[in-house]
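Q: Please examine one residue of this model closely and set it in the context of the whole chain.

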Amino acid sequence: MNGLKDLISAQLYLIGWKIIQVLPEKSAYRLFEKLGRVFYKRNGKAVQRLRSNLQVVIPKTDAQELERVVSIGISSYFRYWCDTFRFPRWSKKQIIDSVIVTNEHLLKDPVAAGTGVIVALPHSGNWDHAGAYFCAQGIPLVTVAERLKPEKLFLKFLAYRQAIGMEVLALDSNTLPTLSNRLNEGKLIALVADRDFSKNGVEVDFFSKKTKMPIGPAVLSLRTGAPLITAQVSYNQKGIQIDFLGPLTPRIQGSIEERAKDLVQQCADNFEMGISKKPEDWHMLQRIWIEAEVSNG
């Protein structure tokens, strides 16, 4: 029964993808703004989760202000999906003209030098848009995707990202060796790294609470010598802004695992700084913290 439900949902999703592509731009974004408001007012589990997550991010905010941020956060989330549906029709010029970047040299210099670079980033803004910006400039980008169900939907996202210019690897036991090879070829590795999907993540402090984040980006950096930097992607009126920080280096001596754990904590610290500036663009609608949930108020 669940399989049939997933198949129907995926089919509706793919039909919606086609319709949104052909709508005029303003009509498409107005539609998604309305859908976002309906989604917010229904106050389902995803909205409740976003609210509890943001309550941790902005703990001193009163209930009224928290609700304002949650509402804007849902709008930002739906903007991401509208962008995703329409993105295949964007020109390279439109992509490049809609991006502002700070500290871009942190990414471009190691790519130009042939060492490759690892970018760790949270689920903030539109990370596909950020990737497309660098692909449009001829920078080869490799990323990893969690396998979605049903397969048809996963293949659609795979084709979508490949059309942008990304090489997408499925998350499995061969992922790290393949990424190491790509770094040796001087490529850009971009990994969304604020939530652990492998169940082997490293425990870190994040907004004064415990969570787990993937160790892969840190291990890759230590094994290959490629620099590890972080990126924060946020929305603005024009499109997106990408802010890079780094490169990160271990602050301690010890085994590769101990040094990697320190790098993961540094990633978490950078994510925290970026998310604090634009909490409404952090699209974390799933459980992330290990500790008991905070009250939804």
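A: In this predicted model, the protein chain comprises eleven helices and nine strands. Its C-alpha trace extends over about 50 × 45 × 40 Å along the principal axes. A compact globule of 297 residues would have a radius of gyration near 19 Å, and the value for the protein chain, 19 Å, therefore agrees with that expectation.

The residue chosen for the close look is Ala46, which lies in helix H3, a helix covering residues 45–57. Ala46 counts as partly exposed because its relative accessibility is 23%, and the buried class is reserved for values under 20%. For the chain as a whole, 48% of the 297 residues count as buried.

Leaving aside residues up to four places away in sequence, Ala46 touches Phe39 and Leu285. Leu228, by comparison, is separated from Ala46 by 182 residues in sequence and by 32 Å in space, C-alpha to C-alpha.

Contacts across the whole chain give the wider setting. Among contacts in the protein chain with a separation of 6 or more, 75% come from residues 24 or more positions apart.

The surface and the charges complete the description. The protein chain has an accessible surface of about 14,900 Å², and carbon and sulfur atoms hold 53% of that area. The chain carries 39 positive and 30 negative charges, and the mean positions of these two sets lie 7 Å apart.

Terms used. Residues are numbered from 1 along each chain as its sequence is written. This is a predicted model: local features need pLDDT of at least 70, side-chain atom pairs count only at pLDDT 80 or more; totals for chains, interfaces and linings use all residues. Side-chain values use heavy atoms; hydrogens and water are left out. Helices (H or I, at least four residues) and strands (E, at least two) are DSSP runs, numbered from the N terminus. The radius of gyration is taken over C-alpha atoms; the globule rule is 2.2 Å times the number of residues to the power 0.38. Buried means under 20% relative accessible area, exposed over 50%, partly exposed in between (1.4 Å probe, protein chains only). Contact means heavy atoms within 4.5 Å. Accessible areas come from the Shrake-Rupley method with a 1.4 Å probe; for residues, only the protein chains shown count as cover. Lys and Arg count as positive and Asp and Glu as negative; His and the chain ends are not counted. The place of a charge is taken as NZ of Lys, CZ of Arg, CG of Asp or CD of Glu.
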